[in-house]
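This report describes the structure shown below, for a reader who wishes to follow the account residue by residue.

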Amino acid sequence: MKPETTPLLNVPWPSSNNYVGTAHPSDVVQFSWSGSHNVMQVYNWTGNLPPFTPFQNANFTNQLYSGPPRSSSPTFRWSVGSHYSGYRPGSYFFVDENNPAGGIVAIGLTYEESDNLFPPQPCSRLASGGAFYDGRYASYASRPGCTFYQVNNYQTEAHFDWVAPVFAMEHGDLVIFQWSNEHNVVQVHDVTSDVAIPGGIHSGPKRNCVPGPRWQCINQPQESAEYLFDSTNHRPGMVHISDECAYTCTGHTTGMNMQFFIQRIDDQRPPPPQPSSCCQFDPTKGIDCRVIEIYNDEEGMQFNYNISAGSKDLVRFRWAGSLQIYQSTAAASNNAPTSTPLPGGEGMLRAVECIPGPNWSCLGINYPVEWIFDIEKALAEGRYIDTGFGNRQINFYALGENTEGFTSQNTGTIIWIDRSVSYNGNRSAVACSSLSSSSSSGVSVTTSPAASSTSASSASSTSSTVSSSSAFTSSANTGTAGTVSLAYSVTRGTCCIVIPLIITSLTTFIAII
């Protein structure tokens, strides 16, 4: 610890600069003047708030205050202390009561990023009586396998920057946001945005924590400058966070945004397929049919890879970000998916975006973003890759945003056909109807192939609120131009009205609820 007898930051007072420097734990800040002056901590850059005038002493408990203006003993020393027992990191604003025309002066108190003072911790440490958050989140301490992550603005020079970690968390983990000065926490579209998305993560209106000793807010309870996010049942994917209006309201960018990556728990990527799970999508498949779940929540926003499936199963693709998925060819060297569409294969005609929200939702969209692929139909129509010795696989590729700070990347997967999966012939809607009802919420999509061409360029979505009448149009690539038809259905109970839609040289038939 640096000796208190040696000031680390000398501030001639009144200061001619609005920002005089940055202090760190164990530092001492010394204000020095001649004449009659004092040092008084105020609320923010504009001073104190009503009912006080901007430069009136608000008498906050524990505020930094040198006392009434004086000419004798013309110094004021502020020892910032050490981690947790000292002063809360943040921006401290001061004014000379006797000379308010000189303006308000800020001093930053920050921790070095290299100090690594805020690592992930097991949720058991949130128990009452523990060192973290005074037991405010003790109800989570017994959650099995839970980790909490700490995000704050304590380790940056700029006074409303978050440190920008990108960390991966699993369902059931927590993020605890804590801040000094005036901020809030909102979910945004990407790293360039500061506009809150309706229905997304939102801590409420901006709240100002005026930092003080023992890591407290001197103007209000400490918990008013905190927000806990519980990832349970949130749709997986990259979640982008900002301080609302951080860019547009200040007139300059400050690196405010950060992001974290939500994954399903390890043994659910993908979850074990369950018999009868096809009934909610296509009752004619019967109770032997299983749904194989594929999602882009592997490291690097990749699909689950090299997944086995039975010859009569369905594959359900779900995702976060903007993806365009289609059957692809295999690399000659290792049969891995390529970005080249499979001739005659099935795929989406354009990208569809999902901004991950609570309860597996896509923000701004009132129908599920998912694509159902029928393995049995693909095998019957020869839309697979023969790898020899009777082995077959189906390759898929997806075009993502491929933009740093966004939510998706190009990704691919292999579904290989497991010949050991047996079916007992329970292939009727009657068999499905014999089960207790477990209908899927919203809309799901099934497709059958036609002719078109699928672009292998980077995917982009023009809107996050695309209409279900065009979002999941699928096609097969025959390599020929012309007018062909595409049988497409959206199922939710009974439907449908069939409407022709012209897309380039294709006529596709889309069934709408």
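## Disulfides

In this predicted model, cysteine 354 is joined to cysteine 362 by a disulfide with an S to S distance of 2.0 Å. The angle about the S-S bond is -95°, which makes the link of cysteine 354 and cysteine 362 left-handed. Both cysteine 354 and cysteine 362 are buried. In total, the structure contains five disulfides.

Another of these is formed by cysteine 209 and cysteine 217, whose sulfur atoms lie 2.1 Å apart. The link of cysteine 209 and cysteine 217 is left-handed, with -100° about the S-S bond, and cysteine 209 and cysteine 217 are both buried. A further disulfide pairs cysteine 279 with cysteine 432, at 2.0 Å between the sulfur atoms. The link of cysteine 279 and cysteine 432 is also left-handed, at -80° about the S-S bond. Cysteine 279 belongs to the loop between strand 17 (258–263) and strand 18 (291–295), whereas cysteine 432 is in helix 2 (residues 429–433), so this disulfide ties together parts that are 153 residues apart in sequence. Cysteine 279 is buried, as is cysteine 432.

## The largest nonpolar core

Which residues have the most contacts inside the largest nonpolar core? They are Phe317, Trp319, Ile325, Phe373 and Ile375, in a core of 27 residues. Two of these, phenylalanine 373 and isoleucine 375, are described here through their contacts.

Leaving aside residues up to four places away in sequence, phenylalanine 373 touches Asp313, Leu314, Val315, Phe317, Gln327, Glu346, Ala378, Arg383, Ile394 and Phe396. Isoleucine 375 is located in helix 1 (residues 375–380). Its relative accessibility is 0%, and isoleucine 375 therefore counts as buried, the cut-off being under 20% relative accessible area. With the same sequence neighbours excluded, up to four places away, isoleucine 375 touches Ala309, Gly310, Ser311, Asp313, Val315, Ile394, Ile415 and Ile417. One of these partners, alanine 309, is 66 residues from isoleucine 375 along the chain, and the C-alpha atoms of alanine 309 and isoleucine 375 are separated by 8.4 Å.

## A hairpin of strands 26 and 27

Strand 26 (residues 385–388) and strand 27 (residues 391–399) run antiparallel and are joined by three bridges. Isoleucine 385 has glutamine 393 of strand 27 as its bridge partner. The two strands form a hairpin with two residues between them, and in the turn phenylalanine 389 has a positive phi of about 60°.

Strand 27 spans residues 391–399. Ile394 and Phe396 are among the residues touched by phenylalanine 373, and Ile394 is likewise among those touched by isoleucine 375.

## Backbone features

Most residues other than glycine have a negative phi, and most peptide bonds are trans. Against this background, several positions in the model deserve attention. The peptide bond joining tryptophan 13 and proline 14 is cis, with omega of about -5°; proline 14 is in the loop between strand 1 (9–12) and strand 2 (19–23). A cis peptide bond also runs from proline 50 to proline 51, with omega near 15°. Proline 51 is part of the loop between strand 4 (40–42) and strand 5 (75–79).

Arginine 214, although not a glycine, has a positive phi of about 55°. Arginine 214 is in the loop between strand 14 (207–209) and strand 15 (226–230). Methionine 301, also a residue other than glycine, has a positive phi near 60° and lies in the loop between strand 18 and strand 19 (307–309). Methionine 301 counts as buried because its relative accessible area is 9%, below the limit of under 20%.

## Overall composition

How many helices and strands does the protein have? The secondary structure comprises two helices and 34 strands. Of the contacts in the protein with a separation of 6 or more, 69% are between residues 24 or more positions apart.

The protein has 513 residues, of which 52% count as buried. Its accessible surface is about 21300 Å², and carbon and sulfur atoms account for 52% of that surface.

Technical notes
Residues are numbered from 1 along each chain as its sequence is written. This is a predicted model: local features need pLDDT of at least 70, side-chain atom pairs count only at pLDDT 80 or more; totals for chains, interfaces and linings use all residues. Side-chain values use heavy atoms; hydrogens and water are left out. A disulfide is a pair of cysteine sulfur atoms within 2.5 Å. Buried means under 20% relative accessible area, exposed over 50%, partly exposed in between (1.4 Å probe, protein chains only). Helices (H or I, at least four residues) and strands (E, at least two) are DSSP runs, numbered from the N terminus. A nonpolar core is a set of buried Ala, Val, Leu, Ile, Met, Phe, Trp, Tyr and Cys residues joined through side-chain atoms within 4.5 Å. Contact means heavy atoms within 4.5 Å. Two strands pair if DSSP finds at least two bridges between them. Accessible areas come from the Shrake-Rupley method with a 1.4 Å probe; for residues, only the protein chains shown count as cover.
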